[in-house]
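Grab a pencil and work through these exercises with the structure open beside you. Try each task before you read its solution.

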Amino acid sequence: MKQQSGDQRQPHFQSMAMPDSFAEMLRMQPKLRETIKLPSWFWEDICLRKDQASLTEVEQERFICAYNVLINNGTIGKLADIHADGSHLMHGNPRFFPWHRVFLKQLEEALHTVHPDVCIPYWDWTKKAGQNFPSWLAGFTPVVTTPTRTITILRSPGTVADMGTIASGVAGVMAFNTYNDFWTNLEGIHGAVHVWVGGTMGFVSTAAADPIFWMHHANIDRLWWDWYNSPAGAGKNPPLSGMNAIMDPWAYTEADTRNIISMGFKYV
């Protein structure tokens, strides 16, 4: 008998969307951890955000490599354009902390598609030893193409003494016992650090293209978490409601951001 075209004996595979990265493919199949051996960090549910000063040379190189991949695939450019869009109301109001916590999460999830062990390090400029620009990152000044423009990373860091002056106000801010006092003052210090770095970091429209942006904001987020869990903060949340409590352009609400462990990361 002549075989008809479209032989039905051929195996049928259910159509499903597959990710672009091999890291994602593996993590989409958790049962594999029972049958194949991979490093423990591969399946880690909690991302450990470390002080950038404590990173090993391998960890530094991994971060830069993953960041470059995300530049090349357009992720960093898209995030930079989101941060340039002031309609998200992420500065100058109580959304500042929760909005940027979600923003950091977007980058961290993207980094994991390149390498599951890469988390966002924080730049602890509150410590005297951290009051200069991280030397391992100083030579990394990539060009970032966004959907609307091209950004060349430029910097002009200030002096260690000036950074010390900026950071000296943090202790007083951590003692405030109302959310609005804490938020307005720490956002002010945050802005001063942007100005201290200079160049690309000096403008809302371009800052998120620079990798130091994410480390700076991870430190701001860490300080917020420390305050929130301190006697002064005592679990005080941003006074947001209705649409203001939705961290657009994502579906996260302010309430979703209250526990960093639930969001999948912690500071070490």
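**Exercise 1. Work out how helix α3 and helix α4 are oriented relative to each other, and what kinds of residues make their contact.**

Solution. Keep in mind that this is a predicted model.

Step 1: find the two helices. Helix α3 covers residues 75-84 and helix α4 covers residues 96-114; they pack at an angle of about 170 degrees, with axes 11 Å apart.

Step 2: turn the angle into a word. Anything over 145 degrees counts as roughly antiparallel, so α3 is roughly antiparallel to α4.

Step 3: list who touches whom. From α3 come T75, I76, L79, I82 and H83, while α4 brings W99, H100, F103, Q106, L107 and A110.

Step 4: sort them by class. You should get seven nonpolar residues, four polar ones and no charged ones.

**Exercise 2. Describe helix α9: its length, its start and its surroundings.**

Solution. Step 1: check the length. Helix α9 runs over residues 211-228, which is 18 residues, and spans 26 Å from first to last C-alpha, close to the 26 Å expected.

Step 2: look at the N-terminal end. D210 caps α9 there, with a side-chain oxygen 3.0 Å from the backbone nitrogen of I212.

Step 3: ask about burial. Of the 18 residues in α9, 17 are buried, so the helix is largely enclosed by the rest of the structure.

Step 4: zoom in on one residue. N219 sits in α9. Buried means under 20% relative accessible area, and N219 has 0%, so N219 is buried. Skipping neighbours within four places in sequence, N219 touches Y122, W123, D124, W125 and T126.

**Exercise 3. Is C119 buried or exposed, and which residues does C119 contact?**

Solution. Step 1: locate C119. You'll find it in the loop between α4 and α5 (135-138).

Step 2: decide on burial. The relative accessibility of C119 is 13%, so C119 counts as buried.

Step 3: collect the contacts. Leaving out neighbours within four places in sequence, C119 meets C47, L48, R49, F63, E108, L111 and H112.

Step 4: compare sequence with space. C119 and K105 are 14 residues apart in sequence, and their C-alpha atoms are 9.7 Å apart.

**Exercise 4. Sum up the whole chain.**

Solution. Step 1: count the elements. There are ten helices and four strands.

Step 2: read their order along the sequence. The pattern is α-β-α-α-α-α-β-β-α-α-α-α-α-β.

Step 3: check burial overall. Of the 268 residues in the chain, 47% are buried.

Step 4: look at the contacts between residues at least 6 apart in sequence. Of these, 73% join residues at least 24 apart.

Note on methods. Residues are numbered from 1 along each chain as its sequence is written. This is a predicted model: local features need pLDDT of at least 70, side-chain atom pairs count only at pLDDT 80 or more; totals for chains, interfaces and linings use all residues. Side-chain values use heavy atoms; hydrogens and water are left out. The expected span of a helix is 1.5 Å times one less than its number of residues. Buried means under 20% relative accessible area, exposed over 50%, partly exposed in between (1.4 Å probe, protein chains only). A polar contact is a pair of N or O atoms within 3.5 Å; within protein, one must be able to donate a hydrogen and the other to accept it, and residues adjacent in sequence count only if both atoms are side-chain atoms. Axes are lines fitted to C-alpha atoms, for helices over the stretch in contact, and angles run from 0 to 180 degrees between N-to-C directions. Angles under 35 degrees count as roughly parallel, over 145 as roughly antiparallel, 65 to 115 as roughly perpendicular and the rest as oblique. Contact means heavy atoms within 4.5 Å. Ala, Val, Leu, Ile, Met, Phe, Trp, Tyr, Cys and Pro count as nonpolar, Asp, Glu, Lys and Arg as charged, and the others, Gly among them, as polar.
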